[in-house]
Amino acid sequence: MKRVYKLEGLDCADCAAKLERKLAAIEGITSVNINFMTLKCTLEAEADKLNDVIEKAMEIIKVEEPDVEVKRA
């Protein structure tokens, strides 16, 4: 399953790339893409793991980029 989120306040392309690498390391994620130009984060995971993956992803985003507000797109 795929989920798309808007990362409001993400203001650095290097930060987006670093965040993408950290999210890709989450067990259960099959694909992750952060588009810095649109500030969209697309996560894909197996349906039965999606909730756990999203929870872990939100924790990582808050730790790495505390000023970023995550909204469902």
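Student: How many bridges join β1 to β4, and what makes them a pair?

Tutor: Good place to start, bearing in mind that this is a predicted model. Four bridges join β1 to β4, and the two strands run antiparallel. Pairing asks for at least two bridges, so four bridges are enough to call β1 and β4 paired. One example is Y5, whose bridge partner in β4 is R72.

Student: What makes β1 and β3 a pair?

Tutor: Five bridges join β1 to β3, again antiparallel. Set against a minimum of two, that count makes them paired strands, so the term applies. Here R3 has L43 as its bridge partner in β3.

Student: And how do you know that β2 pairs with β3?

Tutor: By the bridges once more: β2 and β3 share six of them, in the antiparallel sense. Within that pairing V32 stands opposite L43, and S31 has E44 as its bridge partner in β3. The hairpin of these two strands has four residues between them, and L39 there takes a positive phi near 60°.

Student: Why are β2 and β4 called edge strands?

Tutor: Look at the order, which is β2-β3-β1-β4 in an open sheet of four strands with antiparallel pairing. β2 and β4 (69–72) each have a single partner strand, so one side of each is left without a neighbour in the sheet. From one strand to the next, the twist averages 25°.

Student: What makes one face of β1 the covered one, and which residues are on it?

Tutor: R3, Y5 and L7 form the covered face of β1, while K2, V4, K6 and E8 form the uncovered one. In a regular strand the side chains alternate between the two faces of the sheet, so a split of this kind follows.

Student: Which helices lie across the sheet, and how do they run?

Tutor: α1 lies across β1, β2 and β3, at about 170° to β2. α2 lies across β1, β2, β3 and β4, and runs at about 15° to β1.

Student: How do you know which residues bring α1 and α2 together?

Tutor: Contact needs heavy atoms within 4.5 Å. K18, L19, K22 and L23 in α1 meet A57, I60, I61 and E64 in α2. By class, that contact has five nonpolar, no polar and three charged residues. The helices pack at an angle of about 145°, with their axes 10 Å apart, and the crossing is right-handed.

Student: Why is K62 called partly exposed?

Tutor: K62 sits in helix α2, and its relative accessibility is 43%. Buried would be under 20% and exposed over 50%, so at 43% K62 falls in between and counts as partly exposed. Not counting residues up to four places away in sequence, K62 touches V68 and E69.

Student: What makes up the largest nonpolar core, and which residues touch the most other members?

Tutor: The core has 21 residues, and L7, L10, L23, I34, C41 and L43 touch the most other members. The elements giving two or more residues to this core are β1 (2–8), α1 (13–24), β2 (29–35), β3 (40–45) and α2 (50–64). Among them α2 gives the most, with five residues.

Student: What is L10 in contact with, beyond its neighbours within four places in sequence?

Tutor: L10 is in contact with C15, A16, I34, F36, L39, E65 and V68. You have met L39 already, as the residue with a positive phi in the hairpin of β2 and β3.

Technical notes: Residues are numbered from 1 along each chain as its sequence is written. This is a predicted model: local features need pLDDT of at least 70, side-chain atom pairs count only at pLDDT 80 or more; totals for chains, interfaces and linings use all residues. Side-chain values use heavy atoms; hydrogens and water are left out. A nonpolar core is a set of buried Ala, Val, Leu, Ile, Met, Phe, Trp, Tyr and Cys residues joined through side-chain atoms within 4.5 Å. Buried means under 20% relative accessible area, exposed over 50%, partly exposed in between (1.4 Å probe, protein chains only). Axes are lines fitted to C-alpha atoms, for helices over the stretch in contact, and angles run from 0 to 180 degrees between N-to-C directions. A crossing is left-handed if the near helix is turned anticlockwise from the far one by less than a right angle, and right-handed if clockwise. Ala, Val, Leu, Ile, Met, Phe, Trp, Tyr, Cys and Pro count as nonpolar, Asp, Glu, Lys and Arg as charged, and the others, Gly among them, as polar.
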